[in-house]
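Subject: Structure handover

Hi,

Here is the structure I promised to pass on to you. I hope the notes underneath save you some time when you open it.

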Amino acid sequence: MNVNQSAPPVPPFGQPQPVYTGYHQSSYGGQPGSTAPPTPYGAYNGPVPGYQQTPLPGVSRAPPSSEAPPVSTAQAPCGQAAYGQFGQGDVQNGPSSTVQMQRFPGSQPFGSVPLAPVVSQPTVLQPYGPPPTSAQVTAQLAGMQIGGAVAPALPPVRLGYGPPTSLAPASGSYPNSGLYGSYPQGQAPPLSQAQGHLGAQPPQRSAPPQASGFTSPASGGPPMPSVTGPLLPGQGFGGPSVSQPNHVSSPPPQALPPGTQMTGPPGPPPPMHSSQQPGYQLQQNGSFGPARGPQPNYGSPYPGAPTFGSQPGPPQPLPPKRLDPDAIPSPQLNELPPQQKTRHRIDPDAIPSPIQVIEDDRNNRGSEPFVTGVRGQVPPLVTTNFLVKDQGNASPRYIRCTSYNIPCTSDMAKQAQVPLAAVIKPLARLPPEEASPYVVDHGESGPLRCNRCKAYMCPFMQFVEGGRRFQCCFCSCINDVPPQYFQHLDHTGKRVDAYDRPELSLGSYEFLATVDYCKNNKFPSPPAFIFMIDVSYNAIRSGLVRLLCEELKSLLDFLPREGGAEESAIRVGFVTYNKVLHFYNVKSSLAQPQMMVVSDVADMFVPLLDGFLVNVSESRAVITSLLDQIPEMFADTRETETVFAPVIQAGMEALKAAECAGKLFLFHTSLPIAEAPGKLKNRDDRKLINTDKEKTLFQPQTGAYQTLAKECVAQGCSVDLFLFPNQYVDVATLSVVPQLTGGSVYKYACFQVENDQERFLSDLRRDVQKVVGFDAVMRVRTSTGIRAVDFFGAFYMSNTTDVELAGLDGDKTVTVEFKHDDRLNEESGALLQCALLYTSCAGQRRLRIHNLALNCCTQLADLYRNCETDTLINYMAKFAYRGVLNSPVKTVRDTLITQCAQILACYRKNCASPSSAGQLILPECMKLLPVYLNCVLKSDVLQPGAEVTTDDRAYVRQLVTSMDVAETNVFFYPRLLPLTKSPIESATEPPAVRASEERLSNGDIYLLENGLNLFLWVGASVQQGVVQSLFSVSSFSQITSGLSVLPVLDNPLSKKVRGLIDSLRAQRSRYMKLIVVKQEDKLEMLFKHFLVEDKSLSGGASYVDFLCHMHKEIRQLLS
Ligand SMILES: [Zn+2]
């Protein structure tokens, strides 16, 4: 009996599976889809006092004709179904009892283990031949003092800085906005006025908006009593009103002291860090990250090590350029006391260039497809365009590893300190040329697995005894082959049907799951989407509610579909809220939608079942009518307070009542200060920056959201949060549920329709249409010798092995770290199998399997030759960003530096050819590690400038957690493209230049992007013709700084630039809003923040300085 029902009959699986066609809707149109005339909403036109005067929980406001269930039947929250009912080892992804989460005492990657004592190393450390010469970066480092070059303290200046959009828009949001409560720190917000007085004036809340909510006081400066009044025009407080790109952080405005000249690298960092922590002591326990055990004595491995990057020192001469470091080996200089060392100049062109590495890889590897048949192959870089042919290992689009050759022993691994990690994107989208994974149906018997370790059938399983049994490649257990799966072997021992079966010949494929893999042993219902819209004053006033409702009318036609399905199986529901919740009955048989108000937010329940979740096409007329009426109903609202946790609770309860998984789309504007569970206070306190308490800024202020998230995960309820804050909203707390449920957070500070419509709608469309797997569990199995010990990403874990994802979309990655628990074998290598059990958007239960085989080595050189720096950086950034939850950021930075130095010192000691100590020698595969690591170190989370808000940092922190390797690559090292250097006719993207001010020519125009932000920088001497062609103005001075849309002009240059912007946007998962920056304009400071090879205003080192520092660290380790 052939159970392989849906596997393609012939190799090599020629037909792409049309699995996710729903996603590629490009022709997203705008037809509302309903022809029903918008009829007035009789009962509810306007916020009828009545509806707010119904304090009784669950009172139905439905008209008599309503079919809503009587209130009394509204179910109280059901007893919490046991969390974890799902995810039982055997049923789901194998037993969980077999693996224990435990760190090896000796395997702390960040311990201060000096390299010298490692004598137990069995490997003969014969000097390995030198890497290609290009890898030998020789830099003269003596006397370089790093990170200390800071000018005399500059007064923090707050004026005149910030994008033009940061000025209050003409609509005048901030003046006279007595509506905004000011939320003095640590003080409970004023109680809102009694609801229901709708005719009344908006509550005249105490003070005018305090700037503290949006300002960015220079950290380290004194508290800022001066900025408590209303803001004056032009008084830049980095934030209000602006719709800056999500987390853009504008460097602080710096007035140069008289006589200071801005030459070379940008100006000195502000004095904040030093003055802030006099006598700051390193923490004795430098451990960070939940899974890390205590690591005594870490943190000060090198007494006297420079407090790199955070302690300003006296001004230093800028390094003059153009001196070949090779010409000055002079190691003897290092013997001099520091003050006598002269600063040697390093030619920036002589140090490893990201641009060159990217370019070389494109040239060398971009033309041939990457064929995955060979074990341990390092794939092309993420910046290279290449096609993948699956011949037995998962595509690098699904899994990338820090190294494709793993040390055989844990001793070796400890010596090298190279983290062993895989960045896994189980549902990654593929280019159209590559087939989606095949779906294999083994019928009632379900997927074939190893009896012992529960690994799934894969190409590495060995069939023996003429095909009657198979040996598990993960645990070596011998299993019987079920009769229906039996097949003969050929003379090589391979099954003769191997190429007919995806699970025997491909790295990635899917199995249809049987009922055993379903919750409560029942096949799932199709998932549901619930749109939950804040209709408080801010949301209405900014135009958000109207815009959103208008958009949803058409967007609902583009819900994800599966296969060739004509329409989506996903049902939808609608809730609006401020401090109470309004549910809507949009049953297709109704003439008009009906609203039900729940004001008892402390005990949330769903007042209706029937008619809440509906099929879009059946209920289209009612839905359209509702979406027409919502903005009208609340147009005159005076309610400024919101609840938050009860909204999520309500959505989750609704899914529970409907017995389905799903996603909540929350559109939320403010700190939830209304009396309700999950109520928050404004606890933002920038004085905590650079103190031991800084970590509290990243931690949620209440545990209530974790508890709620757990319930959501148990229900398969994922939460996507769209935030529209005008001031501090506590992203660190509000993002807990999205983070733990596999959701996404979007942030549009000071949202105004006219400025931010395009970005918001673009993100929304993509988010709603993207394919999501629901109610998922992911398990990573490994062959004997290594095991998964740590996980990073947006998910929840209730045990040490199962990654639970209420939802998982095609943009999200889970990063897994491995450790040795035994010796590995060079011959057999190491295997990974990632199994993701999930419910598809059509409600089908499936298992997606990715397999990857890696090499194992007994020579350290083999490890270093097969590393991937981009993936290493992805891992290290996630590790560090988690670390800030538990440790001071300085400790986290020092940890990264130490680890990096250890990695490179081990290479130098064991793999590089002998050379003078004055030479810095980097492994070819890691020659960009210092430059990229420096970018992580000076990122907003680890070294914030004065203008970066607490919310921005929390936001970026959680974003990076789920990023894939391509995203972290461009996020930390932005792409800078000169636009007028190459001929206009050239169809290809212009070659990038290094992210440094030195690379900018004032006669040129550049685009800079990092996946979230997009700048167009215009040099002051750009040709007039170019200015005319792009901006339709006659001179540079007439270009509007801060412009976010280029005029559509009919000339080749304009078309080319606009086309390039479109194509950059298409490559990224979030819409990047354009900001035009003119040279010498105040906005330029914002732009320069992204020139990451230069010294940063927040104290971050330049690339050259950091490299020198790195060398010094390495030499200390080696001496
Ligand atoms: Zn097994």
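Below are the points I noted, grouped by region. Please keep in mind that this is a predicted model.

Two well-covered helices

Let me start with helix α8, residues 620–633. Counting 1.5 Å a residue, its 14 residues should span 20 Å, and the end C-alpha atoms are indeed 20 Å apart, so the expected and computed lengths agree. Of those 14 residues, 11 are buried, so α8 is mostly covered. The buried set consists of R620, V622, I623, T624, S625, L626, L627, Q629, I630, P631 and M633. If you want to see what lies over them, the cover includes helix α7 (544–555) together with the strands β12 (571–577), β13 (581–585) and β14 (594–598).

Helix α9, residues 645–657, passes the length check too: 18 Å is expected for its 13 residues at 1.5 Å a residue, and its end C-alpha atoms are 18 Å apart. This helix is mostly covered, with 12 of its 13 residues buried. Those buried residues are A645, P646, V647, I648, Q649, A650, G651, M652, E653, A654, L655 and K656. After α9 comes E659, which has a positive phi near 55 degrees.

Other positive phi values

Most residues other than glycine have a negative phi, so a few further backbone angles may interest you. K454, in the loop between β6 (439–440) and β7 (462–464), has a positive phi near 70 degrees. E465 is not a glycine either, yet its phi is positive at about 50 degrees. E465 is located in the loop between β7 and β8 (469–471), and its relative accessibility of 42% makes it partly exposed.

A crossing of two helices

How do α15 and α19 cross? The axes of α15 (residues 869–883) and α19 (residues 965–972) come within 9 Å and cross at roughly 80 degrees. An angle from 65 to 115 degrees counts as roughly perpendicular, and the two helices are therefore roughly perpendicular to each other. On the α15 side, the residues that meet the other helix are D870, T871, I873, N874, A877 and Y881, while α19 contributes V965, T968, N969 and F972. Sorted by class, this contact has five nonpolar, four polar and one charged residues.

Two buried acidic side chains

D1004 sits in the loop between β24 (975–978) and β25 (1005–1009). Is D1004 buried or exposed? Its relative accessible area is 3%, and a value under 20% counts as buried, so D1004 is buried. The side chain of D1004 makes a polar contact of 3.1 Å with that of K981. Beyond its neighbours within four places in sequence, D1004 is in contact with P978, L979, T980, K981, W1017, V1018, G1019 and V1022.

E1084 belongs to helix α22, residues 1084–1088, and is buried at 6% relative accessibility. Which residue shares a polar contact with the side chain of E1084? The partner is W1017, joined side chain to side chain at 2.9 Å. Leaving out residues up to four places away in sequence, E1084 touches W1017, V1077, K1078 and Q1079. The C-alpha atom of E1084 is also 9.8 Å from that of G1042, although 42 residues separate the two along the chain. W1017 is thus a residue to find in the viewer, as it appears among the contacts of D1004 and among those of E1084.

Best wishes

Notes: Residues are numbered from 1 along each chain as its sequence is written. Side-chain values use heavy atoms; hydrogens and water are left out. Helices (H or I, at least four residues) and strands (E, at least two) are DSSP runs, numbered from the N terminus. The expected span of a helix is 1.5 Å times one less than its number of residues. Buried means under 20% relative accessible area, exposed over 50%, partly exposed in between (1.4 Å probe, protein chains only). Contact means heavy atoms within 4.5 Å. A polar contact is a pair of N or O atoms within 3.5 Å; within protein, one must be able to donate a hydrogen and the other to accept it, and residues adjacent in sequence count only if both atoms are side-chain atoms. Axes are lines fitted to C-alpha atoms, for helices over the stretch in contact, and angles run from 0 to 180 degrees between N-to-C directions. Angles under 35 degrees count as roughly parallel, over 145 as roughly antiparallel, 65 to 115 as roughly perpendicular and the rest as oblique. Ala, Val, Leu, Ile, Met, Phe, Trp, Tyr, Cys and Pro count as nonpolar, Asp, Glu, Lys and Arg as charged, and the others, Gly among them, as polar.
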